[in-house]
Amino acid sequence: MLKTEADGRPNHAALPETMKAGFLDKPLEVNVRKIPVPEVTGTEVLIRVEAVGVCGSDVHYYAHGRIGKRLVQYPHIQGHECAGTVVAIGDKVTRFQLGDRVAIEPWVTCMSCKWCKEGRYNLCPDVQFLSTPPVKGAFVQYLKHREDFLFPLPDHLSFEHATLAEPLSVGLHAVRRGGLEPGSTAAIIGMGPVGLMTVMAAKVFGAKEIIACDVVPLRLEAAKKLGATKVINVAEKNVGDEIQSLTAGLGADVVLETSGNDKALQSSVELVKRGGALVVIGFPAEEAVPLNVTLMLQKEINLYSVYRYTNTYPLAIELLASGDFPVDEIITDRYSLDEIQQAMEQAHTNKSGSLKVMVYPNQ
Ligand SMILES: [Zn+2]
Ligand SMILES: [Zn+2]
């Protein structure tokens, strides 16, 4: 029987009692099991998860069971790039109704600490980020989330495209932090999904030249379609020489490193113009990476680190909905939740043939 609110509106759709969830039981092994559908109270919203993108961080935890000192606590549920439909609302929810289509900014923060108050809620000490251990993620059929981290989707924006608001948010935050200005030259290292979304962000922020670097031809092709003005296959060409010649010997105004590769980060210092900015986005495999600080000082480089994003979802959704970017190009593989093991394997092993792997928990 449907419960109703005081005003007679139903507060949830007809829901099953249990749902499927993809459990990471040990490295490289995911199993689907049934668990209860969560109940919502207060400002919580229950979302039927329609699409979830597999993120590089998901793949890293899947394969290695850890990122740095953060260990997976098994069994774990992964997935955080997600969108879906509102199917139940808590009694204090004011912003959403049943049937609303939403993108999920995949965390909740306290909203009262120093950093939350400053708008830098990515630095909240009490953040709970979906899929970052021990917090469980979105490879489930139904997910509960606080309403202030949900964003409405325009009708014509598909759920799978809406999931890209997450990696695009990283790109937007990175170009903002790096102070990328209209007319400038951006060099972006690493054309995985975050790199590709950073190409989009650089274009939106008015970069005149966007130089995309990677070793995988498929990724470089996608970069061109999303707005890169020049692509460099670093397996074939010397990036330093190429960027020198493309910038009349000046170097790039902003270099954005998304690959997390030690060598790429180290050589990024050389690619930056004197007085320019280096934005570090990709997590390196080792915690400490030696950098040429002397050269950084001599060039007076601004070094920025980027940790996730803040206040980017509305813009990200608008850009994805604009139709200005052929983002469909980057979704290369599609799986149901029952096929989650294959989805993770594909993302893990087929880095040259696969860009974004998408999972549909309710198909
Ligand atoms: Zn992600
Ligand atoms: Zn906080």
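Biologist: Are Cys 55 and Glu 81 buried or exposed?

Modeller: In this predicted model, Cys 55 and Glu 81 are both buried.

Biologist: What makes Cys 55 and Glu 81 donors of the zinc ion (ligand 1)?

Modeller: A donor is an N, O or S atom within 2.8 Å of the metal. Cys 55 (SG), His 80 (NE2), Glu 81 (OE) and Glu 166 (OE) lie 2.3 to 2.5 Å from the zinc ion (ligand 1), so they count as its protein donors. Cys 55 sits in the loop between strand 3 and helix 1, and Glu 81, 26 residues apart from it, is in strand 7.

Biologist: Why is the site of the zinc ion (ligand 1) called irregular?

Modeller: Four donors count as tetrahedral if all angles lie between 85 and 135 degrees. The angles among the 4 donor atoms here run from 85 to 164 degrees, and the site is therefore not tetrahedral but irregular.

Biologist: Why is Phe 129 called buried?

Modeller: Its relative accessible area is 6%. Buried means under 20%, so Phe 129 is buried. Phe 129 belongs to strand 10, and its contacts include the zinc donors His 80 and Glu 166.

Biologist: How do you know that Glu 329 and Lys 225 form a salt bridge?

Modeller: The cut-off is 4 Å between the side-chain nitrogen and the carboxyl oxygen. The closest N and O atoms of this pair are 3.1 Å apart, so the pair qualifies.

Biologist: Why does Lys 114 count as exposed, and Glu 118 as partly exposed?

Modeller: Exposed means over 50%. Lys 114 is at 52% relative accessibility, so it counts as exposed. Glu 118 is at 46%, so it counts as partly exposed.

Terms used. Residues numbered from 1 in each chain as written. Chains lettered and ligands numbered in written order. Predicted model: local features only at pLDDT ≥ 70, side-chain atom pairs only at ≥ 80, totals over all residues. Heavy atoms only, no water. Donors = N, O, S within 2.8 Å, 3.2 Å for Na, K, Ca; no water. Tetrahedral: all angles 85-135°; square planar, octahedral: opposite > 155°, others 65-115°. Helix = DSSP H or I, 4+ residues; strand = E, 2+ residues; numbered from the N terminus. Buried < 20%, exposed > 50% of the residue type's maximum accessible area, 1.4 Å probe, protein only. Contact = heavy atoms within 4.5 Å. Lists of a residue's contacts leave out its neighbours within four places in sequence.
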